[in-house]
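This report goes through the strand pairing, the helix packing, the aromatic contacts and a few individual residues of one protein chain. Please keep the sequence and the coordinates at hand while reading.

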Amino acid sequence: MEQRVSLITLGVQDMATTAAFYERLGWERAESPDEVVAFDLIGQTLGLYPLAALAEDIGVAPGTLGRGAVTLAHNLRSKEEVDDLMQRAEAAGATVLKTPQEAVWGGYHGYFADPEGNIWEVTFNPFSPLAEDGAFCWNGYG
C-alpha cells in the first residue's frame, strides 16, 4: 500500500446543507455521480455521501458508524489566515469548538465542526511551511 490518501468520504445525513456549507467556504464541486458531492483537493478529493448509503455499502447499520475521533486539518500560511478562516467558517454555519490560540507545540490553531459535526482543525504550523501550491508536508519534508 502506497503511503497516501486518495479520497476522504464523509457520511452525511443532510447532503444539501453540508455541501452548501463547504461552498460558502469557497470550495467548488467537481463533476460526480448524482449521489455524491465531491470537492477536489490538492492530490485528493473530499466526498460527501449519504450516511445510510455509506452504511449499506459497508454492510453495517447506520448507527454503528457514529462519530469517530477523527479531525481533518487545514493548514494555512499565517495566524491571520487562521483567524480569517475561522470567522468565515462560523459565518458559513460552523460551530466553533476552540477559538484560535497559541498551541503548546509552537503553532496557532482553532477547531470548528461543520453542520454534520465533522471536526476541522485550522492551523498555522511554522515547522511545516506549505509548498507554493498549498501542499503540506510534515516538518517541511517532501
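The text below describes a predicted model, beginning with its strands and ending with single residues.

**An open sheet and the helices on it**

Three strands make up an open sheet with mixed pairing, and their order across the sheet is 1-3-2. Strand 1, residues 7–12, and strand 2, residues 37–40, occupy the edges with a single partner strand each, so one side of each has no neighbour in the sheet. Direction ignored, neighbouring strands of this sheet are turned against each other by 20° on average. Strand 3, which covers residues 45–50, runs parallel to strand 1 and is joined to it by six bridges; within this pairing, Gly11 has Tyr49 of strand 3 as its bridge partner.

Helix 1, residues 15–24, packs on this sheet and touches strand 1, strand 2 and strand 3, while its direction makes about 160° with that of strand 3. Helix 2, residues 51–58, lies across strand 1 and strand 3 and runs at about 95° to strand 3. The buried residues of helix 2 are Leu51, Ala53, Leu54 and Ala55, and their cover includes strand 1, strand 3 and helix 3, the last of these spanning residues 62–65. Just after helix 2 comes Gly59, which takes a positive phi of about 95°.

**Strand 7 and its partners**

How many of the six residues of strand 7 are buried? Five of them are, so strand 7 is largely enclosed by the rest of the structure. Strand 7 pairs with strand 4 in the parallel sense over six bridges, and it is joined to strand 6, which runs antiparallel to it, by six bridges. The table lists the bridge partners named in this report, including the one from strand 3.

| Residue | Bridge partner | Strand of the partner |
|---|---|---|
| Gly11 | Tyr49 | strand 3 |
| Thr71 | Ile119 | strand 7 |
| Phe112 | Trp120 | strand 7 |

The hairpin of strand 6 and strand 7 has five residues between the strands, and in this hairpin Gly117 takes a positive phi near 95°. Asn118 has its place in the loop between strand 6, residues 108–113, and strand 7, residues 119–124. Is Asn118 buried or exposed? With a relative accessibility of 14%, Asn118 counts as buried, since the cut-off for that class is under 20%. Leaving aside neighbours within four places in sequence, the contacts of Asn118 are Leu10, Val12, Phe112 and Ala113.

**Aromatic pairs and the nonpolar core**

Across the whole structure, a search finds seven aromatic pairs. One of them is formed by Tyr22 and Phe39, whose ring centres are 6.0 Å apart and whose planes stand at 50°, so the pair is tilted. This pair links distant parts of the chain, with Tyr22 in helix 1 and Phe39 in strand 2, 17 residues apart. Tyr22 is buried with a relative accessible area of 1%, and Phe39 is buried with a relative accessible area of 1%. Both belong to one aromatic cluster, which is formed by Phe21, Tyr22, Trp27, Phe39, Phe112 and Trp120.

Which residues touch the most other members of the largest nonpolar core? Of its 24 residues, these are Tyr22, Leu25, Leu48 and Phe112. Two or more residues each are given to this core by strand 1, helix 1, strand 2, strand 3, strand 4 (71–76), helix 4 (79–92), strand 6 and strand 7. Helix 4 supplies the largest share, five residues. Outside its neighbours within four places in sequence, Tyr22 is in contact with Leu10, Trp27, Phe39, Leu46, Leu48, Asp114 and Trp120.

**The segment after strand 7**

Trp138 lies in the segment that follows strand 7, and at 62% relative accessibility this residue counts as exposed. Trp138 and Asn125 are separated by 13 residues in sequence and by 9.6 Å in space, taken from C-alpha to C-alpha.

Terms used. Residues are numbered from 1 along each chain as its sequence is written. This is a predicted model: local features need pLDDT of at least 70, side-chain atom pairs count only at pLDDT 80 or more; totals for chains, interfaces and linings use all residues. Side-chain values use heavy atoms; hydrogens and water are left out. Two strands pair if DSSP finds at least two bridges between them. Helices (H or I, at least four residues) and strands (E, at least two) are DSSP runs, numbered from the N terminus. Axes are lines fitted to C-alpha atoms, for helices over the stretch in contact, and angles run from 0 to 180 degrees between N-to-C directions. Contact means heavy atoms within 4.5 Å. Buried means under 20% relative accessible area, exposed over 50%, partly exposed in between (1.4 Å probe, protein chains only). Rings of Phe, Tyr and Trp (its six-membered ring) pair if their centres lie within 6.5 Å; planes under 30 degrees apart count as stacked, over 60 as edge-to-face and the rest as tilted. A nonpolar core is a set of buried Ala, Val, Leu, Ile, Met, Phe, Trp, Tyr and Cys residues joined through side-chain atoms within 4.5 Å.
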